[in-house]
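Please look over the sequence and the structure below before reading on. The paragraphs that follow lead from the overall make-up to single elements and the ligand.

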Amino acid sequence: MSDKVKVTIDGISVEVEPGTTILNAARQIGGEIVPPAMCYYSKLQGSGGKCRTCLVKVSKGSEKDPRPMPKLVASCRTTVMDGMEVENITSPEVVEARKGVVEMLLINHPLDCPVCDQAGECSLQDLGFEHGAAQTRYEFDRRTFERIDIGDKIQLHMNRCILCYRCTYVADQITDNRVHGVLGRGDHAEISTYIEQAIDNDFSGNVIDVCPVGALTDKTFRFKNRVWFTKPVDAHRDCPTCSGKVTLWYKGEEVIRVTARKDEYNEVEEFICNTCRFDKKNTSDWVIEGPRAIANTSVISSNHYETLKPLPVIQQNPALMAANKEEFERTKKS
Ligand code: SF4
Ligand code: FES
């Protein structure tokens, strides 16, 4: 008999190891049925359970106890049981609840995407686009904070923080001492000076990559460009501190930013050191591997087509082929 347990999510079944969470079981299926996750991060122990964007409905608890769970559950914190049935995008209740969660997250988050460096790669922006309401019902002033410099390379703009705790887990899990934390609770909660102390660590820059919004930004990149005008390229170097596997973000001939490589769930594949991130901005520092594959749903992929697939109607019509000739040529070159 198989040791695996079977779970069905939005009508699609998958067999997973016991102890797997619903979210990770959904990731094994992939595609649209995967719940969004603003605080869970598979590389950070203890993450998850903070933001509630990953809520799902368990319509059948298990084969042994088929009763549904009475409330929606956080899929990043709920482990699967054999025979469990879960509804995500097929449940109107979940879709409605997620809309409410986005409204909550946006209560204190400024709508400053036009000037925010995270625009174009912000998980909250994507979430708001997919699930957000057109208007907020919140009538009070949003919380505001002074910006905090965390060393000379990182800036904390607490106004935008959604208190996902990811950066505090990075600070905790890359240093020997417990120097991280969220000060205060409820409306007064804020990421505070604790994480400034992580600045001496070679890996502190990773807080920028794990932040799902624009609260932690790279000061060497701030306001340099919109991310959709850049070209991401995978590259590596022989680094004594980290794997040296990064993505270089080019604007013309210039490397304007270096980040870790991120997967389809916006999680870094491997954490990189501060030397690679902040101090190696010349092409000659790197061995270039090739263009970074970016999901075609991302605004970053605009103008980065690798191959153009003309619609059948264009291919069948000589006049349309001629009219689009220049575009095909341009695409082949890029
Ligand atoms: S600063 Fe960013 S990573 Fe840290 S808790 Fe706030 S939103 Fe999360
Ligand atoms: S991703 Fe599950 S609660 Fe945030």
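A residue counts as buried here if 20 or more other C-beta atoms lie within 10 Å of its own. By that cut-off, R166, C167, T168, Y169, V170, A171 and D172 of helix 4 are buried. The model is a predicted one, and the statements below should be read with that in mind.

In outline, the protein has nine helices and 14 strands. Of its 334 residues, 33% count as buried. Among contacts with a separation of 6 or more, 60% are between residues 24 or more positions apart.

Where does helix 4 sit in this arrangement? Helix 4 spans residues 166-174, and because seven of its nine residues are buried, it is largely enclosed by the rest of the structure. The cover over its buried residues includes two strands, strand 8 (182-183) and strand 9 (190-191), followed along the chain by helix 5 (206-210) and strand 10 (216-218).

C167 of helix 4 is buried, and it also belongs to the largest nonpolar core, which has 50 residues. Within that core, C167 is one of the residues that touch the most other members, together with V7, M38, I162, V207, C211 and L216. Domain 1 (5-102) and domain 2 (113-218) each contribute at least three residues to this core. A second core of twelve residues is separate, and V246, L248, W249 and C276 are among its members.

C167 and C211 appear again around ligand 1, where they are among the closest residues, along with C161, C164 and A215. The shell around ligand 1 holds 14 residues in total. What is the character of the residues in this shell? They divide into 13 nonpolar and one charged, with no polar residue.

Helix 3 (residues 123-131) is another element with buried positions, namely S123, L124, Q125 and L127. The buried residues of helix 3 pack against helix 2 (92-105). As a general point, an α-helix has 3.6 residues a turn, so residues three or four places apart point the same way.

V246, one of the members of the second core, leads to a hairpin. Strand 12 (residues 245-251) and strand 13 (residues 254-260) run antiparallel and are joined by six bridges. Which residue of strand 13 is the bridge partner of V246? The partner is A260. Two residues lie between the strands of this hairpin, and G252 takes a positive phi near 65° there.

Definitions and conventions
Residues numbered from 1 in each chain as written. Chains lettered and ligands numbered in written order. Predicted model: local features only at pLDDT ≥ 70, side-chain atom pairs only at ≥ 80, totals over all residues. Helix = DSSP H or I, 4+ residues; strand = E, 2+ residues; numbered from the N terminus. Contact = placed C-beta atoms within 7 Å. Pairing = 2+ DSSP bridges. Core = buried A, V, L, I, M, F, W, Y, C linked by C-beta atoms within 7 Å. Domains from an automatic or database assignment. Near = placed C-beta within 6 Å. Nonpolar A, V, L, I, M, F, W, Y, C, P; charged D, E, K, R; others polar.
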